[in-house]
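Q: I have a structure open here and I'd like to go through it with you. Could you take my questions one at a time?

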Amino acid sequence: MVEWTDSERAIINGIFSNLDYEEIGRKSLCRCLIVYPWTQRYFGGFGNLYNAETILCNPLIAAHGTKILHGLDRALKNMDDIKNTYAELSLLHSDKLHVDPDNFRLLADCLTVVIAAKMGPAFTVDTQVAWQKFLSVVVSALGRQYH
Amino acid sequence: MSLSSKQKATVKDFFSKMSTRSDDIGAEALSRLVAVYPQTKSYFSHWKDASPGSAPVRKHGITIMGGVYDAVGKIDDLKGGLLSLSELHAFMLRVDPVNFKLLAHCMLVCMSMIFPEEFTPQVHVAVDKFLAQLALALAEKYR
């Protein structure tokens, strides 16, 4: 089981309590699709992804980014059992969506970059450590049910 | 995944904008590397203090960033330009190349923190590609 210090819990809760889900969700998913264009393979039905500008203006992508970010709420509410919390979502990504689990890491990295831009100097070393620890547990849980 | 001429221009432009803060970014990036990925401290066992923010870590981060800036100037021939640095990393330092990716990520985070407006997705992809090419050039002599 993953151990969380009080400080880590406070940091993670702090980030989420100030989070603009629409803004950060949209920016993170757009950045992922632009920086790692092969991730676009999963978004065939999402309209125009022709270049960075169209991706950034795409409302379907924006909505989906928000949805993904809200998906992290589950981990936030169940920090002591993220593994089981995401068992069903993991199966969904494996069996229905057929997403290569490496993509979770790519999106997590983009989310980190976007949060860093938003928080600026408040994204301290300790904050980054806690945040990346949280995301790596989520990423691991999401990949766990692949078979 | 080589850089287009537009992306090379983007990299040069962004690094030029960044130059007033390049020391900070280098120092911060290495501090974050050893904090977020503690296994990387294994390369610094010869320092009295390899903790994030320590003097040797900050100083070395600045040195590394200097190397990255030097590489920007050699962006048209990274393999040729970084030959001796590659030999250093291959035969003396023997840093596992997976760590280049980890440091690149920390550099990107610092760039994003300090230049949130300028570090657009388009700049991000160009710089990420450049750092990946740099890493490849550094690993050229490994085997």
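Q: What radius of gyration does chain B have, and what would a compact globule with 143 residues have?
A: This is a predicted model, and in it chain B has a radius of gyration of 15 Å, which agrees with the value near 15 Å that a compact globule with 143 residues would have. Along the principal axes, the C-alpha atoms of chain B fill a box of roughly 45 × 35 × 20 Å.

Q: And what is chain B built from, how many helices and how many strands?
A: The secondary structure of chain B comes to seven helices and zero strands. Of the 143 residues in chain B, 47% count as buried, and among contacts in that chain with a separation of 6 or more, 79% are between residues 24 or more positions apart.

Q: Which residues of chain B are linked in a network of salt bridges?
A: The network links B:Arg21, B:Asp24, B:Glu28, B:Arg32 and B:Arg58. Within it, the side chain of B:Arg58 meets that of B:Asp24 at 3.9 Å, N to O, and B:Arg58 also forms a salt bridge with B:Glu28, at 3.8 Å.

Q: Where do B:Glu28 and B:Arg58 lie?
A: B:Glu28 lies in helix α2 of chain B and B:Arg58 in helix α3 of chain B, so their pairing ties together parts that are 30 residues apart in sequence. B:Arg58 is partly exposed at 30% relative accessibility, and B:Glu28 is partly exposed as well, at 22%.

Q: Switching to chain A, how far apart in helix α7 are A:Arg105 and A:Asp102?
A: They are three residues apart in that helix of chain A, which means that about one helical turn separates them. Their side chains meet in a salt bridge with an N to O distance of 3.0 Å.

Q: OK, what about the interface, how many salt bridges cross between chain A and chain B?
A: The rule finds zero salt bridges across the interface of chain A and chain B, although a search of the whole structure finds 13 over all chains. Between chain A and chain B there are, however, nine residue pairs in polar contact.

Q: So how much area is buried between chain A and chain B?
A: About 1800 Å² is buried between the two chains, and carbon and sulfur atoms give 64% of that area. A:Arg31, A:Val125 and A:Gln128 supply 29% of the area that chain A buries against chain B, more than any other three residues.

Terms used:
Residues numbered from 1 in each chain as written. Chains lettered and ligands numbered in written order. Predicted model: local features only at pLDDT ≥ 70, side-chain atom pairs only at ≥ 80, totals over all residues. Heavy atoms only, no water. Buried area = accessible area lost by both parts, 1.4 Å probe. Salt bridge = Lys/Arg side-chain N within 4 Å of Asp/Glu carboxyl O. Polar contact = N/O pair within 3.5 Å; in protein donor to acceptor, adjacent residues only side chain to side chain. Helix = DSSP H or I, 4+ residues; strand = E, 2+ residues; numbered from the N terminus. Rg over C-alpha atoms; globule rule 2.2 N^0.38 Å. Buried < 20%, exposed > 50% of the residue type's maximum accessible area, 1.4 Å probe, protein only. Contact = heavy atoms within 4.5 Å.
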